[in-house]
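Me: I would like a close look at a single part of this model, with its surroundings described in one connected account. Please add an overview of one chain as a whole.

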Amino acid sequence: MKSIEISPSQYVMVIDADRCTGCGACMVACAIENNVAPAHPDATDRTGVTWMKVVKVSSGNNGDGKPACYLPLPCQQCAAETPCVTVCPQNAVEVDQQTGIVFQMSQRCLGCRYCMAACPYHARYFNWWDPEWPEGMEQTLNPDVAPRMRGVVEKCNFCHGRYQAARASAAEHGQASSDPVTYEPACAQACPTRAIKFGTPANNEQGVGDLVHSSSAFRLLPRLGTEPRVYYLSKHKWIRQMAQMEKETSTGEEVHG
Amino acid sequence: MNSGRLSFLAGLVGMLLIGWVFFPSLLYQKEPQPLQFSHAVHTGEAVGMTCDNCHTFTADVRSMAIPRLSNCKECHSEVLGESEAEKRLVDEFVAHDREIPWRTYSRQPDNVYFSHIQHVQIAEIECERCHGSHGKSETLTDRQINRISGYSRNIEGQIIPGLRFKAWDRMKMDDCSDCHDERGASNSCLKCHK
C-alpha cells in the first residue's frame with residue numbers, strides 16, 4: 001500500500017485527547033452549523049446523524065492512571081486510498097486536491113451506503129428519516145450549508161461553508177482563490193478546553209504544523225494506510241496503543257451528548 | 001405529397017407546438033416584478049451610471065447584489081419625472097422606508113455556492129458575460145418560476161430544446177463548468193457546491 005505525504009497546504013485537524021472532557025459542545029456546535037436536524041424519536045446511536053461524535057474509550061484497567069478518555073470522531077478526511085471514494089458507484093465523494101477535504105455530494109448520492117461499510121472510522125451517517133425541525137427552528141438554518149434529504153449519506157466536511165465564506169472574504173481583499181485561507185470549524189471554535197486545533201501545516205495556524213510532528217501525535221488505525229488528516233494527541237501510552245488496534249484491548253464505546 | 005405524410009407532418013408540428021409552446025406556459029408560473037424599472041434610462045447617456053454604482057458586492061455571498069432602497073433614495077427622495085412607476089417608488093417604498101421586494105432572476109439552487117466577488121474582482125469577468133444586455137433593458141420581464149423545481153427559468157434556460165447560443169441563455173452546471181474549463185479554473189465539486 002502506497003503511503004503519501006500530506007501536502008503542507010492542506011487542512012489538518014489536531015485533537016488533544018488529554019484535554020477533551022467529553023462535554024459534547026463540539027457535537028452541538030457541529031449540528032447547528034451544518035443544519036443537522038434534531039434526532040428522530042426512533043433514532044439510535046447507529047441511526048442518528050452526528051458528524052462529530054464523542055466516543056468514550058476505556059482502558060479496561062482501573063488502577064492505571066486515567067482509566068478512560070474521550071475521543072471526538074469527525075470524518076478523518078483520509079488522504080490516501082480514501083475508502084469511501086473507491087467504493088462509491090455514483091462518484092458522489094470527492095477529495096479536493098487543494099484543501100484535502102473529502103466532500104460528500106449528497107445530491108448525487110443514491111443511498112446504497114457502500115461508503116458507510118467501507119469507512120473504517122464509522123464517520124458516515126445515513127438519513128433514515130426526513131430532516132424535521134421544530135416549528136420556528138427552521139429559521140435558524142445556516143444558509144451556507146445545504147440541508148440533506150432522507151435516503152442520502154452525509155458526513156463532516158471540515159465546515160466547508162465556513163471555508164467558502166473565508167475564501168469570499170479573502171477575495172474581497174484581493175487574494176487569489178488558489179491561496180489557502182484561515183478559518184476555524186464550528187467544533188474547534190466551540191471547544192471550551194481548546195482541545196481541537198485546525199489549520200494548514202504550512203502556515204502553522206494554531207501551531208498545527210508543529211503538533212502533527214510532536215511525539216504524542218498519533219492517528220487512528222494507521223496500519224490501514226488511509227493517511228487521515230485528523231491527528232490526535234495524547235501523552236498516555238495506552239491511548240496511543242489503542243489507536244493502533246494491533247493488540248486486543250477492552251474498549252467500550254459510549255456516546256455522550 | 002400523399003395524405004399519410006401530410007398528416008404525419010401536421011401531427012409532428014402539432015406535438016412540437018404543444019411541447020415547446022403550450023407546455024412551457026403551463027410549467028412556468030409568471031411573477032411580475034413589484035415595480036417597473038428601466039436599466040436603459042439609468043445606464044443611458046442622460047444619467048450615465050455603471051453597473052457597480054448600484055450593484056455592489058461584499059464578501060457576504062448571500063447578498064445577490066440586488067440594490068437596496070438606500071441606493072434608489074440617493075436620487076429618488078422625491079418624484080423625478082412623470083412615470084407611474086416613479087410615483088409608486090416614492091409613495092409606496094421611499095416614503096415608508098420599505099425595501100422593494102425584487103424578484104431575483106438568477107437565484108441558484110440551495111446547494112450551489114456562488115460568489116460574485118470572486119468572479120468580478122479576482123477573475124475580472126465583465127457583467128455582460130453572464131447577464132447579457134440586461135443592463136440596457138427598457139423593462140423588467142416577469143420572473144418565470146418552474147412549478148415543479150421552484151427554480152427560475154433564467155437558470156434552466158429560455159430556449160426549450162436546451163440550446164445555448166450565448167452565455168446568458170442558460171445558467172446550468174455545464175454552463176458554469178464550460179467557462180471554468182476555458183479559463184483553467186478548478187472544476188472540483190467543492191468549488192461551487194455546499
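The reply below takes up one residue of chain A and then turns to chain B.

Reply: The model is a predicted one, and the residue chosen for the close look is Arg219(A), which lies in the loop joining strand S9 (217-218) to strand S10 (230-233) of chain A. Its relative accessible area is 19%; because the limit for a buried residue is under 20%, Arg219(A) counts as buried. Two polar interactions of the side chain can be listed. With the side chain of Glu227(A), the side chain of Arg219(A) forms a polar contact at 2.9 Å. The backbone oxygen of Pro228(A) is also reached by the Arg219(A) side chain, at 2.7 Å. When neighbours within four places in sequence are set aside, the residues in contact with Arg219(A) are Ile6(A), Glu227(A), Pro228(A), Val230(A), Tyr231(A) and Ala243(A).

Chain B may be described at the level of the whole chain. Its secondary structure consists of 10 helices and two strands, arranged along the sequence as α-β-α-α-α-α-α-α-β-α-α-α. The radius of gyration of chain B is 21 Å, whereas a compact globule of 194 residues would have one near 16 Å. The C-alpha trace of chain B extends over about 70 × 45 × 35 Å along its principal axes. Of the 194 residues in chain B, 29% are buried. Among contacts in chain B with a separation of 6 or more, 66% involve residues 24 or more positions apart. The exposed area of chain B is about 12,600 Å², of which carbon and sulfur atoms supply 57%. Chain B carries 22 positive and 26 negative charges, and the mean positions of these two sets are 8 Å apart.

Conventions. Residues are numbered from 1 along each chain as its sequence is written. Chains are lettered from A and ligands numbered from 1 in the order in which they are written. This is a predicted model: local features need pLDDT of at least 70, side-chain atom pairs count only at pLDDT 80 or more; totals for chains, interfaces and linings use all residues. Side-chain values use heavy atoms; hydrogens and water are left out. Helices (H or I, at least four residues) and strands (E, at least two) are DSSP runs, numbered from the N terminus. The radius of gyration is taken over C-alpha atoms; the globule rule is 2.2 Å times the number of residues to the power 0.38. Buried means under 20% relative accessible area, exposed over 50%, partly exposed in between (1.4 Å probe, protein chains only). Contact means heavy atoms within 4.5 Å. Accessible areas come from the Shrake-Rupley method with a 1.4 Å probe; for residues, only the protein chains shown count as cover. Lys and Arg count as positive and Asp and Glu as negative; His and the chain ends are not counted. The place of a charge is taken as NZ of Lys, CZ of Arg, CG of Asp or CD of Glu. A polar contact is a pair of N or O atoms within 3.5 Å; within protein, one must be able to donate a hydrogen and the other to accept it, and residues adjacent in sequence count only if both atoms are side-chain atoms.
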